[in-house]
Amino acid sequence: MKLFDDHGRRLPTANDRVFREKPSFYYKINQPNFDFNLILERTKKNLMVIDNFSAADFESKANLLLEKLKTNEEFSLLTNGVHIPFIYRNTSKGVDLGKNLEETILPALKKSFTEKFPEAHFKAVLQSNSELQGNIKVHPESRYDQFLDDSSEGVIGWFFPQAFQEFDIDSQRNQMSKLQEINDVKMCLSGGMDIGAAVIGSPELLINKDYYSPILCMSSFVHRDERLVLLLKAYGPHLEFWCMTQMLSKTTKQVSEQWAGGITIFSKF
Amino acid sequence: MYARICSNYNTIIIQKSWLIMTDTLQILADQEALSLVEKNKRKDQSIHRPRVHEKIQQYFKNMLDGEISPILRIKINRSLCNFHCMHCCEEPYMTRDIKKETGVKLDPRHQMDLDDYRELSRQADEAGIFRFVLTGGEALLDSSIDQLIAAIDPKKHLIILDTNGWTFDEEKAKWFAGLGGYKVQISLDSMIEAEHDEFRGKPGSYARVLTALKASKSANLELLISTCIIKDRVFSEEFEMLCSYCKDEDIPLYVTLAKPVGTAREQDTWVCTKKDVDQLKYLEDKYDIFTHMSPSYGQPGRCITVKGINTVNHDGEIVPCPYMDLSIGNIVKEPLKDVLSRGMMNSWLGPYRDECIIGEHMDFIRFHNQSVADYQKNVSHLLPVTYEHGFGKTPEIDNNDNPPSPPEILAKDRRAIFAIKSI
């Protein structure tokens, strides 16, 4: 059965709420070149210390992981979509997810982004009466717990930011229970740490002079106030993190051409 | 973990852990992006216009439920104007154009009367709306504008006047302030006098704008300069001069993008690109400038259709953006709330999108202009295109029926807070 279209976007299934069946891809991300050296360097500098891991190791392990996906009949089309390698070790195992975002991921994003684009700003805005700390949990269907477990030892992975382009947040989350697990490749709905690590390594990901880029939803993360969602978005040449409402009205949730959920595949170092 | 500094209006939270992490940490609570000056203005509202203040607070409280509180922009006096601007999107609504195009001697359109505007004000108040812009054409050409302001009720709503400044001298500024007017937005399309006058088709208008700016300040009115950009203007020395002038004069600069509608419908080369819009976003960090898509009122920068600004046409048709010619319903025939709800459920208008669809999105521009052409050819020359002939032909978004409930603790203590974290 075909699970993805030729652009690597998940084909909507029954009960999925999507902006449209076939996305327009008006919101684009250019496939970045893979400079494993630079990604590793940025990650080491801004996010974590990995002394004994070389760019060659990173590249070979990442390529091996991607190859496994390419050879899987049902998932190979996913690799037609934009994909970004990343490396991440969660040095704060057991630390609250919101605190980790606030104290580690977002500051590292700012450093990496403003080093690449010194004229631009990185801003984090919280819409609500709430802090991130103590308010974020993992969605039970997202398989993100596995990512968190493995990342305490360190993971390399690939982030597919447009796998759920134009799906509403609930449908992104429900999708993970519809996708079967595959041998040798661990997979989850993208969340704060993996998206953060991917953009720290490739800070230009959402910046495009010609096109608007999708908004990256960290849909594995569920805020205690379920009206709120966590997003990473470009604001022109700038990068912004938002914790904002997904409500379009009191009874209707957002379903947007621009909002995109991602799939992350990963393996331990 | 937190130090809270509370006053009766603002709450400032300083989160100590962030102070440890970085030198520049500040977490400001309350409405996002409000400067202290702006906060003081809001504080003034609580004294001078308590109902406006109450509605602003209510808006922030209910925003997480998707509640909107758009500006209503009322076009008055059948868009009568004393100018002939090159970029005018209003020309097709003017009696002079209708007479010219159709040969009629009398403008056949229905005109809302004062009772209609009173009812609109009541419904807007009930819906938590607190801002009205009076525009034209040139709003000040309406001889009964004082009655209109009274009908809208400046105690319940902030009344903002959109003007080309031609007649807005000290006397007129004091008159407007005396009526309860809140703010004036004055159009200035170039810092080069000859360029502005040529663009506006009115010699002497540049000098009158400078007089109007001075008069507004003297009358203690809130003030902004409104300027229209065409492709590449943001990269010009002249635009930088305008930004600097506004900074020196402490006047916010509101930038609108020329749209391929109205008299500019054939001017495709004027359409701004993402490059222009990105440059504006750089300049927002350097100057007090903003567009209709700049982050404000706790919302990220995004297209403002329905959510941000709606135009009320003379006949009650609601157009979900200042620059479109397609209606989402008529408030003389149905409740305002129903019209806005319909707009929010339209796939072009409600869902989140970053870009200005009428200024940048060529698919939308084509749909829009084709709808206008078809309507004028087959149905009526009179704009806007009614809902069934325009947006009514585009998809609505699917509803869903499992809205989340706010957590218990937040429901009890739902002060609105927008924290900006400067990391």
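The paragraphs below lead through some strands, a nonpolar core and a helix of chain A in a predicted model.

A good place to begin is strand 10 of chain A, which covers residues 259-268 and is mostly covered, with 8 of its 10 residues buried. Strand 4 of chain A, residues 155-165, pairs with strand 10 of chain A in the antiparallel sense over 8 bridges, and within this pairing Gln165(A) has Ala260(A) as its bridge partner. Strand 5 of chain A, residues 186-189, also pairs with strand 10 of chain A in the antiparallel sense, over 4 bridges, and here Lys186(A) stands opposite Phe266(A). Strand 6 of chain A, residues 215-217, is joined to strand 10 of chain A over 3 bridges in the parallel sense, with Trp259(A) as the bridge partner of Ile215(A).

From there the reader can turn to strand 9 of chain A, residues 238-245, where 8 of the 8 residues are buried, so that the strand is largely enclosed by the rest of the structure. Strand 2 of chain A, residues 122-127, runs parallel to strand 9 of chain A and pairs with it over 5 bridges, Ala124(A) standing opposite Phe241(A). Strand 8 of chain A, residues 228-235, runs antiparallel to strand 9 of chain A and is joined to it by 8 bridges, with Val229(A) opposite Met244(A). These two strands, 8 and 9 of chain A, form a hairpin with 2 residues between them, and in the turn Gly236(A) has a positive phi of about 60 degrees.

In soluble globular proteins, nonpolar side chains tend to be buried together. In this model the largest nonpolar core has 185 residues, and those with the most contacts inside it are Cys217(A) and Leu231(A). Beyond its neighbours up to four places away in sequence, Leu231(A) touches Ile215(A), Leu216(A), Cys217(A), Met218(A), Trp242(A) and Met244(A).

The last element to consider is helix 2 of chain A, residues 55-70, whose 16 residues should span 22 Å at 1.5 Å a residue, in agreement with end C-alpha atoms that are 22 Å apart. Its buried residues are Phe58(A), Lys61(A), Ala62(A), Leu65(A) and Leu69(A); seen down the axis of helix 2 of chain A, they fall within an arc of 100 degrees, so they line one face of the helix. On the other side of helix 2 of chain A, Ala56(A), Leu64(A) and Glu67(A) are exposed. The buried residues of helix 2 of chain A pack against helix 1 (36-46), strand 1 (84-88), strand 4 and strand 10 of chain A, which returns the reader to the strand described at the start.

How values were computed: Residues are numbered from 1 along each chain as its sequence is written. Chains are lettered from A and ligands numbered from 1 in the order in which they are written. This is a predicted model: local features need pLDDT of at least 70, side-chain atom pairs count only at pLDDT 80 or more; totals for chains, interfaces and linings use all residues. A residue is buried if 20 or more other C-beta atoms lie within 10 Å of its own, exposed if 12 or fewer, and partly exposed in between; C-beta atoms are placed from the backbone. Two strands pair if DSSP finds at least two bridges between them. A nonpolar core is a set of buried Ala, Val, Leu, Ile, Met, Phe, Trp, Tyr and Cys residues joined through C-beta atoms within 7 Å. Two residues are in contact if their C-beta atoms, placed from the backbone, lie within 7 Å. The expected span of a helix is 1.5 Å times one less than its number of residues. The arc is that of the directions from the helix axis to the C-beta atoms.
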